[in-house]
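Please open the model in your viewer and keep the selection panel at hand. The tour below goes stop by stop, with a selection to make at each one.

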Amino acid sequence: MGLAAWIALLVLLGAELMDMIDQSVVLTALPAIQESTSAGPDAVQWLTTGYSLPIAIGLITGGRLGDLYGRRRVLLVGTVVFTAASLLCGLATGPGVLIGARGLQGMGAAVMIPQILATLHITFAGQNRSKVFGLYGAVMSLANVLGPVMGGLLTEADLFGQSWRPVFLVNVPVGLAVILLGRRFIPESLVKKAERLDLIGVLLSALAIVLIVFPLTEGHLRHWPLWCFVLLAAGLLVLGVFLLHQKRKQGNAPLVALSLFRSRQFSGGMAAQLMHGLLCGLFFMTWALYLQQGLGMSPFHAALAFVLLSLGELAGATVTTKSGGRFARRLPQAGVLITLASTVAYGILAGAGQAAVTLPAMAAPVMLIGFGLGMVGGPLADMSLARVPHKDAGSASGLFNTVMHLGIALGTALTALVFFAGTGGSADAALNRDAFLAVLWCVGGLLALMWVLMFCLPRQVNNQADGEQPG
(Lines give C-alpha, C1' and ligand atoms only; values in the text may rest on other atoms or scores of the structure.)
Protein backbone atom coordinates (compact mmCIF):
# COMPACT_ATOMS: atom_id res chain seq x y z
CA MET A 1 0.00 0.00 0.00
CA GLY A 2 1.14 3.53 -0.74
CA LEU A 3 1.51 6.33 1.78
CA ALA A 4 -1.86 7.90 0.89
CA ALA A 5 -3.62 4.55 1.43
CA TRP A 6 -1.94 4.15 4.83
CA ILE A 7 -3.01 7.65 5.89
CA ALA A 8 -6.57 6.99 4.71
CA LEU A 9 -6.57 3.74 6.69
CA LEU A 10 -5.34 5.51 9.83
CA VAL A 11 -8.01 8.20 9.46
CA LEU A 12 -10.76 5.59 9.04
CA LEU A 13 -9.52 3.60 12.02
CA GLY A 14 -9.25 6.82 14.02
CA ALA A 15 -12.93 7.56 13.33
CA GLU A 16 -13.85 4.02 14.40
CA LEU A 17 -11.76 4.42 17.54
CA MET A 18 -13.64 7.62 18.45
CA ASP A 19 -17.00 5.91 18.19
CA MET A 20 -16.06 2.77 20.10
CA ILE A 21 -14.31 4.74 22.86
CA ASP A 22 -17.38 6.88 23.36
CA GLN A 23 -19.49 3.76 23.76
CA SER A 24 -17.53 2.88 26.90
CA VAL A 25 -15.77 6.05 28.04
CA VAL A 26 -18.50 6.88 30.54
CA LEU A 27 -18.27 3.54 32.35
CA THR A 28 -15.52 4.35 34.83
CA ALA A 29 -16.69 7.97 35.00
CA LEU A 30 -20.27 7.00 35.94
CA PRO A 31 -19.90 7.39 39.73
CA ALA A 32 -18.37 10.87 39.28
CA ILE A 33 -21.04 11.89 36.76
CA GLN A 34 -23.75 10.56 39.07
CA GLU A 35 -22.40 12.52 42.02
CA SER A 36 -21.79 15.71 40.03
CA THR A 37 -25.15 15.81 38.23
CA SER A 38 -27.32 14.03 40.85
CA ALA A 39 -28.32 11.48 38.20
CA GLY A 40 -30.49 8.55 39.33
CA PRO A 41 -30.18 4.90 38.19
CA ASP A 42 -32.42 5.51 35.16
CA ALA A 43 -30.33 8.50 34.03
CA VAL A 44 -27.12 6.49 34.51
CA GLN A 45 -28.47 3.77 32.26
CA TRP A 46 -29.52 6.30 29.62
CA LEU A 47 -26.00 7.77 29.48
CA THR A 48 -25.04 4.59 27.62
CA THR A 49 -28.35 3.62 26.03
CA GLY A 50 -28.89 7.24 24.92
CA TYR A 51 -25.76 6.90 22.80
CA SER A 52 -26.16 3.36 21.45
CA LEU A 53 -29.90 3.60 20.67
CA PRO A 54 -29.65 6.45 18.10
CA ILE A 55 -26.77 4.56 16.50
CA ALA A 56 -28.86 1.41 16.25
CA ILE A 57 -31.72 3.44 14.78
CA GLY A 58 -29.65 5.29 12.19
CA LEU A 59 -26.95 2.89 10.98
CA ILE A 60 -28.99 1.26 8.21
CA THR A 61 -29.99 4.66 6.87
CA GLY A 62 -26.46 5.99 7.33
CA GLY A 63 -25.05 3.11 5.30
CA ARG A 64 -27.43 3.71 2.41
CA LEU A 65 -26.75 7.47 2.50
CA GLY A 66 -23.09 6.69 1.85
CA ASP A 67 -24.02 4.52 -1.15
CA LEU A 68 -26.16 7.31 -2.59
CA TYR A 69 -24.28 10.53 -1.84
CA GLY A 70 -20.66 9.49 -1.40
CA ARG A 71 -19.10 7.62 1.51
CA ARG A 72 -16.37 10.16 2.22
CA ARG A 73 -18.82 13.06 2.17
CA VAL A 74 -21.26 11.35 4.53
CA LEU A 75 -18.41 10.27 6.82
CA LEU A 76 -17.24 13.86 7.17
CA VAL A 77 -20.77 15.17 7.84
CA GLY A 78 -21.24 12.57 10.58
CA THR A 79 -17.87 13.45 12.11
CA VAL A 80 -18.81 17.14 12.26
CA VAL A 81 -22.02 16.32 14.15
CA PHE A 82 -20.21 13.90 16.46
CA THR A 83 -17.46 16.39 17.28
CA ALA A 84 -19.91 19.22 18.01
CA ALA A 85 -21.97 16.92 20.24
CA SER A 86 -18.82 15.89 22.14
CA LEU A 87 -18.18 19.55 22.92
CA LEU A 88 -21.76 19.89 24.15
CA CYS A 89 -21.31 16.81 26.40
CA GLY A 90 -18.25 18.40 27.97
CA LEU A 91 -20.16 21.62 28.68
CA ALA A 92 -23.35 19.94 30.03
CA THR A 93 -24.41 20.97 33.55
CA GLY A 94 -27.15 18.42 34.24
CA PRO A 95 -28.16 14.86 33.35
CA GLY A 96 -30.87 15.97 30.91
CA VAL A 97 -28.52 18.02 28.74
CA LEU A 98 -25.83 15.36 28.94
CA ILE A 99 -28.21 12.59 27.83
CA GLY A 100 -29.46 14.79 24.98
CA ALA A 101 -25.89 15.51 23.86
CA ARG A 102 -25.11 11.79 24.02
CA GLY A 103 -28.08 11.19 21.74
CA LEU A 104 -26.73 13.76 19.27
CA GLN A 105 -23.35 12.02 19.41
CA GLY A 106 -25.10 8.78 18.54
CA MET A 107 -26.80 10.39 15.53
CA GLY A 108 -23.46 11.62 14.21
CA ALA A 109 -21.89 8.21 14.77
CA ALA A 110 -24.78 6.48 12.97
CA VAL A 111 -23.95 8.47 9.83
CA MET A 112 -20.19 8.11 10.26
CA ILE A 113 -19.67 4.44 11.17
CA PRO A 114 -21.06 2.57 8.12
CA GLN A 115 -18.77 4.50 5.78
CA ILE A 116 -15.72 3.05 7.56
CA LEU A 117 -16.39 -0.63 6.90
CA ALA A 118 -17.81 0.11 3.43
CA THR A 119 -14.70 2.06 2.41
CA LEU A 120 -12.39 -0.64 3.78
CA HIS A 121 -14.41 -3.31 1.95
CA ILE A 122 -14.18 -1.48 -1.39
CA THR A 123 -10.63 -0.11 -1.16
CA PHE A 124 -8.63 -3.15 -0.06
CA ALA A 125 -8.43 -6.70 -1.47
CA GLY A 126 -6.49 -9.96 -1.06
CA GLN A 127 -4.03 -10.28 1.80
CA ASN A 128 -4.11 -6.50 2.32
CA ARG A 129 -7.82 -6.87 3.05
CA SER A 130 -7.27 -9.54 5.72
CA LYS A 131 -4.55 -7.46 7.35
CA VAL A 132 -6.68 -4.30 7.23
CA PHE A 133 -9.61 -6.09 8.86
CA GLY A 134 -7.20 -7.50 11.41
CA LEU A 135 -6.18 -3.93 12.24
CA TYR A 136 -9.87 -2.99 12.35
CA GLY A 137 -10.40 -5.76 14.91
CA ALA A 138 -7.40 -4.52 16.88
CA VAL A 139 -8.88 -1.01 16.99
CA MET A 140 -12.23 -2.39 18.18
CA SER A 141 -10.45 -4.40 20.86
CA LEU A 142 -8.39 -1.42 21.92
CA ALA A 143 -11.40 0.90 22.01
CA ASN A 144 -13.53 -1.45 24.11
CA VAL A 145 -11.14 -1.02 27.00
CA LEU A 146 -9.35 2.22 26.17
CA GLY A 147 -12.63 4.05 26.80
CA PRO A 148 -12.98 2.92 30.43
CA VAL A 149 -9.24 3.43 30.96
CA MET A 150 -9.43 6.99 29.63
CA GLY A 151 -12.59 7.62 31.62
CA GLY A 152 -10.95 6.48 34.85
CA LEU A 153 -7.63 8.25 34.32
CA LEU A 154 -9.09 11.55 33.14
CA THR A 155 -11.69 11.58 35.91
CA GLU A 156 -9.09 10.77 38.55
CA ALA A 157 -6.71 13.43 37.16
CA ASP A 158 -9.46 16.09 37.52
CA LEU A 159 -7.81 18.26 34.84
CA PHE A 160 -8.38 21.97 35.51
CA GLY A 161 -10.94 20.94 38.15
CA GLN A 162 -13.26 19.61 35.42
CA SER A 163 -13.69 16.09 36.86
CA TRP A 164 -15.33 13.87 34.16
CA ARG A 165 -15.73 16.52 31.42
CA PRO A 166 -12.40 15.89 29.62
CA VAL A 167 -13.55 12.36 28.74
CA PHE A 168 -15.81 14.01 26.14
CA LEU A 169 -13.74 17.09 25.28
CA VAL A 170 -10.82 14.92 24.12
CA ASN A 171 -12.93 13.98 21.07
CA VAL A 172 -12.82 17.54 19.74
CA PRO A 173 -9.19 17.60 18.49
CA VAL A 174 -9.44 14.00 17.26
CA GLY A 175 -12.62 14.79 15.34
CA LEU A 176 -11.05 17.85 13.75
CA ALA A 177 -8.07 15.74 12.63
CA VAL A 178 -10.40 13.16 11.04
CA ILE A 179 -12.27 15.90 9.18
CA LEU A 180 -9.15 17.62 7.83
CA LEU A 181 -7.18 14.49 6.91
CA GLY A 182 -10.24 12.58 5.70
CA ARG A 183 -11.10 15.29 3.20
CA ARG A 184 -7.59 15.06 1.77
CA PHE A 185 -6.79 11.34 1.78
CA ILE A 186 -9.96 9.19 1.89
CA PRO A 187 -11.08 8.26 -1.65
CA GLU A 188 -14.66 9.07 -2.58
CA SER A 189 -16.96 6.23 -3.62
CA LEU A 190 -20.66 5.92 -4.38
CA VAL A 191 -23.09 3.86 -6.42
CA LYS A 192 -23.42 5.09 -10.00
CA LYS A 193 -26.99 5.98 -11.02
CA ALA A 194 -28.17 5.46 -7.46
CA GLU A 195 -31.86 5.99 -6.74
CA ARG A 196 -33.43 8.15 -4.06
CA LEU A 197 -33.43 7.19 -0.38
CA ASP A 198 -36.32 4.97 0.74
CA LEU A 199 -37.85 7.39 3.25
CA ILE A 200 -40.71 5.07 4.20
CA GLY A 201 -38.18 2.35 4.95
CA VAL A 202 -36.16 4.81 7.06
CA LEU A 203 -39.22 5.70 9.17
CA LEU A 204 -40.35 2.08 9.59
CA SER A 205 -36.90 0.81 10.60
CA ALA A 206 -36.39 3.64 13.10
CA LEU A 207 -39.85 3.18 14.60
CA ALA A 208 -39.40 -0.59 14.97
CA ILE A 209 -36.10 -0.25 16.81
CA VAL A 210 -37.42 2.45 19.16
CA LEU A 211 -40.56 0.44 19.98
CA ILE A 212 -38.46 -2.62 20.80
CA VAL A 213 -35.50 -1.11 22.68
CA PHE A 214 -37.28 1.63 24.68
CA PRO A 215 -39.57 -0.67 26.73
CA LEU A 216 -36.68 -3.06 27.34
CA THR A 217 -34.69 -0.15 28.75
CA GLU A 218 -37.49 1.35 30.84
CA GLY A 219 -39.41 -1.80 31.83
CA HIS A 220 -37.58 -2.67 35.05
CA LEU A 221 -37.36 0.94 36.16
CA ARG A 222 -41.15 1.28 35.74
CA HIS A 223 -41.92 -2.20 37.21
CA TRP A 224 -43.04 -3.54 33.81
CA PRO A 225 -46.33 -1.72 33.24
CA LEU A 226 -48.70 -2.92 30.52
CA TRP A 227 -47.55 -0.26 28.05
CA CYS A 228 -44.09 -1.87 27.89
CA PHE A 229 -45.53 -5.09 26.51
CA VAL A 230 -47.82 -3.15 24.16
CA LEU A 231 -44.82 -1.27 22.73
CA LEU A 232 -42.84 -4.49 22.32
CA ALA A 233 -45.68 -6.11 20.42
CA ALA A 234 -46.08 -2.98 18.30
CA GLY A 235 -42.35 -2.97 17.58
CA LEU A 236 -42.43 -6.55 16.30
CA LEU A 237 -45.47 -5.68 14.16
CA VAL A 238 -43.74 -2.64 12.66
CA LEU A 239 -40.64 -4.76 12.00
CA GLY A 240 -42.82 -7.17 10.02
CA VAL A 241 -44.31 -4.28 8.04
CA PHE A 242 -40.78 -2.98 7.33
CA LEU A 243 -39.68 -6.37 5.97
CA LEU A 244 -42.76 -6.58 3.73
CA HIS A 245 -42.08 -3.05 2.48
CA GLN A 246 -38.47 -3.94 1.72
CA LYS A 247 -39.57 -7.08 -0.13
CA ARG A 248 -41.79 -4.97 -2.38
CA LYS A 249 -39.00 -2.44 -2.91
CA GLN A 250 -36.40 -4.98 -4.12
CA GLY A 251 -35.16 -3.75 -7.50
CA ASN A 252 -36.43 -0.26 -6.76
CA ALA A 253 -33.83 1.30 -4.42
CA PRO A 254 -34.65 -0.54 -1.15
CA LEU A 255 -33.13 0.55 2.14
CA VAL A 256 -31.97 -3.04 2.71
CA ALA A 257 -30.94 -5.47 -0.05
CA LEU A 258 -32.65 -8.63 1.23
CA SER A 259 -30.59 -10.69 -1.23
CA LEU A 260 -27.68 -10.25 1.20
CA PHE A 261 -29.38 -12.67 3.60
CA ARG A 262 -29.37 -15.48 1.04
CA SER A 263 -25.74 -15.91 2.00
CA ARG A 264 -25.38 -18.22 5.01
CA GLN A 265 -22.04 -16.52 5.59
CA PHE A 266 -23.59 -13.05 5.90
CA SER A 267 -26.70 -13.99 7.90
CA GLY A 268 -24.75 -16.24 10.28
CA GLY A 269 -22.12 -13.53 10.77
CA MET A 270 -24.87 -11.01 11.52
CA ALA A 271 -26.36 -13.28 14.19
CA ALA A 272 -22.94 -13.85 15.76
CA GLN A 273 -22.32 -10.09 15.73
CA LEU A 274 -25.61 -9.56 17.59
CA MET A 275 -24.44 -11.94 20.33
CA HIS A 276 -21.12 -10.07 20.42
CA GLY A 277 -22.93 -6.77 20.99
CA LEU A 278 -25.20 -8.25 23.65
CA LEU A 279 -22.34 -9.59 25.76
CA CYS A 280 -20.35 -6.35 25.41
CA GLY A 281 -23.33 -4.22 26.44
CA LEU A 282 -24.06 -6.47 29.41
CA PHE A 283 -20.51 -7.15 30.60
CA PHE A 284 -18.50 -3.93 30.38
CA MET A 285 -20.93 -1.61 32.15
CA THR A 286 -21.65 -4.03 34.99
CA TRP A 287 -17.96 -4.93 35.34
CA ALA A 288 -17.06 -1.25 35.77
CA LEU A 289 -19.71 -0.90 38.50
CA TYR A 290 -18.67 -4.16 40.18
CA LEU A 291 -15.01 -3.12 40.31
CA GLN A 292 -15.83 0.16 42.04
CA GLN A 293 -18.90 -0.69 44.09
CA GLY A 294 -18.41 -4.42 44.61
CA LEU A 295 -14.65 -4.32 45.22
CA GLY A 296 -14.28 -0.71 46.40
CA MET A 297 -11.72 0.24 43.73
CA SER A 298 -11.04 3.86 42.80
CA PRO A 299 -11.61 4.95 39.17
CA PHE A 300 -7.85 4.71 38.67
CA HIS A 301 -7.57 1.12 39.92
CA ALA A 302 -10.68 0.13 37.94
CA ALA A 303 -8.94 1.61 34.89
CA LEU A 304 -5.92 -0.62 35.60
CA ALA A 305 -8.21 -3.66 35.49
CA PHE A 306 -9.39 -2.54 32.06
CA VAL A 307 -5.74 -2.11 31.04
CA LEU A 308 -5.19 -5.81 31.80
CA LEU A 309 -8.09 -6.71 29.55
CA SER A 310 -6.88 -4.33 26.84
CA LEU A 311 -3.43 -5.93 26.79
CA GLY A 312 -5.07 -9.31 26.26
CA GLU A 313 -7.31 -7.94 23.49
CA LEU A 314 -4.38 -6.37 21.67
CA ALA A 315 -2.49 -9.66 21.84
CA GLY A 316 -5.48 -11.55 20.44
CA ALA A 317 -6.02 -9.00 17.68
CA THR A 318 -2.31 -9.17 16.79
CA VAL A 319 -2.64 -12.92 16.29
CA THR A 320 -5.53 -12.41 13.86
CA THR A 321 -3.67 -9.69 11.94
CA LYS A 322 -0.63 -11.91 11.44
CA SER A 323 -2.73 -14.92 10.45
CA GLY A 324 -3.86 -13.17 7.24
CA GLY A 325 -7.18 -15.05 7.32
CA ARG A 326 -5.55 -18.48 6.92
CA PHE A 327 -7.61 -20.18 9.65
CA ALA A 328 -11.03 -18.83 8.58
CA ARG A 329 -13.74 -19.50 11.19
CA ARG A 330 -11.50 -21.65 13.39
CA LEU A 331 -9.67 -18.58 14.70
CA PRO A 332 -12.68 -16.60 16.04
CA GLN A 333 -14.25 -19.83 17.33
CA ALA A 334 -11.07 -20.54 19.30
CA GLY A 335 -11.25 -16.99 20.65
CA VAL A 336 -14.82 -17.54 21.85
CA LEU A 337 -13.85 -20.76 23.66
CA ILE A 338 -10.89 -19.04 25.35
CA THR A 339 -13.20 -16.21 26.49
CA LEU A 340 -15.79 -18.67 27.79
CA ALA A 341 -13.26 -20.68 29.83
CA SER A 342 -11.70 -17.50 31.22
CA THR A 343 -15.12 -16.10 32.17
CA VAL A 344 -15.84 -19.24 34.17
CA ALA A 345 -12.48 -18.91 35.93
CA TYR A 346 -13.15 -15.26 36.72
CA GLY A 347 -16.58 -16.13 38.08
CA ILE A 348 -15.05 -18.71 40.44
CA LEU A 349 -12.57 -16.09 41.66
CA ALA A 350 -15.28 -13.44 42.15
CA GLY A 351 -17.41 -15.90 44.11
CA ALA A 352 -14.56 -16.46 46.57
CA GLY A 353 -15.15 -13.04 48.16
CA GLN A 354 -13.88 -9.47 47.98
CA ALA A 355 -10.56 -10.18 49.73
CA ALA A 356 -9.56 -12.73 47.06
CA VAL A 357 -10.27 -10.50 44.05
CA THR A 358 -7.18 -8.32 43.85
CA LEU A 359 -5.67 -6.93 40.67
CA PRO A 360 -2.81 -9.50 40.62
CA ALA A 361 -5.26 -12.34 41.29
CA MET A 362 -7.58 -11.36 38.44
CA ALA A 363 -4.77 -10.64 35.96
CA ALA A 364 -4.67 -14.05 34.26
CA PRO A 365 -8.43 -14.62 33.67
CA VAL A 366 -9.03 -10.99 32.72
CA MET A 367 -6.19 -10.93 30.19
CA LEU A 368 -7.38 -14.24 28.71
CA ILE A 369 -10.93 -12.87 28.40
CA GLY A 370 -9.43 -9.99 26.45
CA PHE A 371 -7.22 -12.29 24.38
CA GLY A 372 -10.22 -14.34 23.27
CA LEU A 373 -12.34 -11.30 22.42
CA GLY A 374 -9.44 -9.83 20.46
CA MET A 375 -9.52 -12.87 18.16
CA VAL A 376 -13.17 -12.29 17.22
CA GLY A 377 -13.90 -8.76 15.94
CA GLY A 378 -11.74 -8.46 12.82
CA PRO A 379 -12.25 -11.96 11.35
CA LEU A 380 -15.99 -11.81 12.05
CA ALA A 381 -16.35 -8.55 10.09
CA ASP A 382 -14.07 -9.76 7.27
CA MET A 383 -15.84 -13.09 6.71
CA SER A 384 -19.35 -11.68 7.13
CA LEU A 385 -18.83 -8.99 4.46
CA ALA A 386 -16.44 -10.82 2.12
CA ARG A 387 -19.07 -11.76 -0.48
CA VAL A 388 -21.06 -8.51 -0.40
CA PRO A 389 -21.19 -6.77 -3.82
CA HIS A 390 -19.70 -3.28 -3.90
CA LYS A 391 -23.01 -1.63 -4.76
CA ASP A 392 -24.44 -2.85 -1.44
CA ALA A 393 -21.32 -2.20 0.64
CA GLY A 394 -22.85 0.70 2.56
CA SER A 395 -26.12 -1.10 3.23
CA ALA A 396 -24.33 -4.26 4.39
CA SER A 397 -21.93 -2.29 6.57
CA GLY A 398 -24.86 -0.40 8.09
CA LEU A 399 -26.66 -3.68 8.84
CA PHE A 400 -23.54 -5.27 10.35
CA ASN A 401 -22.90 -2.28 12.58
CA THR A 402 -26.59 -1.99 13.42
CA VAL A 403 -26.76 -5.46 14.93
CA MET A 404 -23.63 -4.72 16.99
CA HIS A 405 -25.01 -1.47 18.39
CA LEU A 406 -28.52 -2.86 18.72
CA GLY A 407 -26.96 -5.72 20.66
CA ILE A 408 -25.10 -3.25 22.87
CA ALA A 409 -28.33 -1.31 23.47
CA LEU A 410 -30.21 -4.52 24.31
CA GLY A 411 -27.33 -5.72 26.48
CA THR A 412 -27.32 -2.44 28.36
CA ALA A 413 -31.09 -2.72 28.74
CA LEU A 414 -30.62 -6.23 30.15
CA THR A 415 -28.50 -4.75 32.95
CA ALA A 416 -31.80 -3.63 34.49
CA LEU A 417 -33.00 -7.23 34.63
CA VAL A 418 -29.75 -8.99 35.47
CA PHE A 419 -27.70 -6.47 37.47
CA PHE A 420 -29.76 -3.53 38.79
CA ALA A 421 -32.59 -5.88 39.80
CA GLY A 422 -30.10 -7.46 42.20
CA THR A 423 -28.51 -4.28 43.51
CA GLY A 424 -31.45 -1.88 43.46
CA GLY A 425 -28.93 0.86 42.72
CA SER A 426 -27.18 0.16 46.05
CA ALA A 427 -23.40 0.38 46.45
CA ASP A 428 -23.44 -2.60 48.84
CA ALA A 429 -20.45 -4.81 48.00
CA ALA A 430 -22.21 -8.17 48.48
CA LEU A 431 -25.21 -7.16 46.37
CA ASN A 432 -22.95 -5.95 43.55
CA ARG A 433 -20.90 -9.17 43.66
CA ASP A 434 -23.95 -11.44 43.47
CA ALA A 435 -25.47 -9.38 40.67
CA PHE A 436 -22.21 -9.49 38.71
CA LEU A 437 -22.03 -13.27 39.07
CA ALA A 438 -25.49 -13.46 37.50
CA VAL A 439 -24.16 -11.32 34.63
CA LEU A 440 -21.28 -13.76 34.08
CA TRP A 441 -23.74 -16.65 33.73
CA CYS A 442 -25.56 -14.71 31.00
CA VAL A 443 -22.30 -13.81 29.26
CA GLY A 444 -21.30 -17.48 29.24
CA GLY A 445 -24.57 -18.43 27.55
CA LEU A 446 -24.14 -15.73 24.90
CA LEU A 447 -20.59 -16.91 24.18
CA ALA A 448 -21.75 -20.51 23.72
CA LEU A 449 -24.46 -19.39 21.27
CA MET A 450 -21.97 -17.18 19.43
CA TRP A 451 -19.62 -20.17 18.98
CA VAL A 452 -22.42 -22.24 17.43
CA LEU A 453 -23.43 -19.43 15.03
CA MET A 454 -19.86 -19.16 13.75
CA PHE A 455 -20.28 -22.52 12.01
CA CYS A 456 -22.07 -20.47 9.33
CA LEU A 457 -18.75 -18.81 8.50
CA PRO A 458 -16.47 -20.48 5.93
CA ARG A 459 -14.27 -23.38 7.00
CA GLN A 460 -11.59 -22.28 4.55
CA VAL A 461 -10.47 -18.88 3.25
CA ASN A 462 -13.04 -17.52 0.81
CA ASN A 463 -11.19 -16.29 -2.25
CA GLN A 464 -14.30 -15.19 -4.13
CA ALA A 465 -14.11 -11.68 -5.53
CA ASP A 466 -15.60 -9.02 -3.32
CA GLY A 467 -17.88 -7.75 -6.01
CA GLU A 468 -19.72 -11.00 -6.65
CA GLN A 469 -23.28 -11.51 -5.58
CA PRO A 470 -23.86 -13.45 -2.38
CA GLY A 471 -25.15 -16.93 -2.76
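For the stops that concern empty space, a pocket is an open set of grid points with protein on both sides within 12 Å along at least five of seven lines, and the lining residues are those with an atom within 4 Å of a point. The model in front of you is predicted.

**The whole chain**

Begin with a cartoon of the whole protein, in which there are 17 helices and 0 strands. Its radius of gyration is 21 Å, close to the 23 Å that the globule rule gives for 471 residues, so the protein is as compact as a globular protein of that length. If you turn the C-alpha trace onto its principal axes, the spans are about 60 × 45 × 45 Å.

**The largest pocket**

Next, select Ile 60, Ile 209, Leu 239, Val 403 and Leu 406, which lie nearest the centre of the largest pocket and belong to a lining of 20 residues. About 500 Å³ of space lies in this pocket. The elements that each give two or more residues to its lining are α9 (199-218), α10 (226-249), α11 and α16, and α9 gives the most, with 6 residues. Colouring the lining of the largest pocket by class will show 18 nonpolar residues, 2 polar ones and no charged ones.

**The largest cavity**

Now turn from the pocket to enclosed space: a search of the whole structure finds 5 cavities of 30 Å³ or more. The largest cavity holds about 130 Å³ of space. To find it, select Gln 23, Ser 24, Cys 280, Phe 284 and Ile 408, the residues nearest its centre among the 12 that line it. Two or more lining residues come from each of α1 (3-24), α11 (264-294) and α16 (393-423), with the largest share, 4 residues, coming from α11. The lining of the largest cavity is made up of 6 nonpolar and 6 polar residues, and no charged residue takes part in it.

**The second largest cavity**

Keep Phe 284 selected and add Leu 279, Phe 283, Thr 339, Thr 343, Ile 369, Leu 373, Val 443 and Leu 447, so that the lining of the second largest cavity is on display. The elements that supply two or more of these lining residues are α11, α13 (330-351), α14 (359-374) and α17 (429-453). The volume of this second largest cavity is about 60 Å³. Here α11 again gives the most to the lining, with 3 residues, and the division by class is 7 nonpolar, 2 polar and no charged.

**α11 against α17**

Hide the cavities and show α11 together with α17, whose axes are 9 Å apart and which pack at an angle of about 165°. That angle makes α11 roughly antiparallel to α17, since angles over 145 degrees count as such. The crossing in which α11 passes α17 is left-handed. When you display the side chains at this contact, the residues divide into 21 nonpolar, 6 polar and 1 charged.

**α13 against α14**

Which way do α13 and α14 run relative to each other, roughly parallel or roughly antiparallel? Select both helices and look along the pair: their axes come within 7 Å and cross at roughly 155°. α13 and α14 are therefore roughly antiparallel to each other, and α13 passes α14 in a left-handed crossing.

**α4 against α5**

For the last stop, select residues 71-91, which form helix α4, and residues 95-123, which form helix α5; the two pack at an angle of about 155°, with their axes 8 Å apart. α4 and α5 are therefore roughly antiparallel to each other, and α4 passes α5 in a left-handed crossing. With side chains shown, the contact of α4 with α5 has 16 nonpolar, 7 polar and 2 charged residues.

Definitions and conventions
Residues numbered from 1 in each chain as written. Predicted model: local features only at pLDDT ≥ 70, side-chain atom pairs only at ≥ 80, totals over all residues. Heavy atoms only, no water. 1 Å grid on protein atoms, 1.4 Å probe; cavity = no way out; pocket = protein on both sides within 12 Å on 5 of 7 lines; lining within 4 Å. Points joined across faces, edges and corners; volume = space filled by probe spheres on them. Nonpolar A, V, L, I, M, F, W, Y, C, P; charged D, E, K, R; others polar. Axes fitted to C-alpha atoms, helices over the stretch in contact; angles between N-to-C directions. Parallel < 35°, antiparallel > 145°, perpendicular 65-115°, else oblique. Left-handed = near helix turned anticlockwise from the far one by under 90°. Rg over C-alpha atoms; globule rule 2.2 N^0.38 Å.
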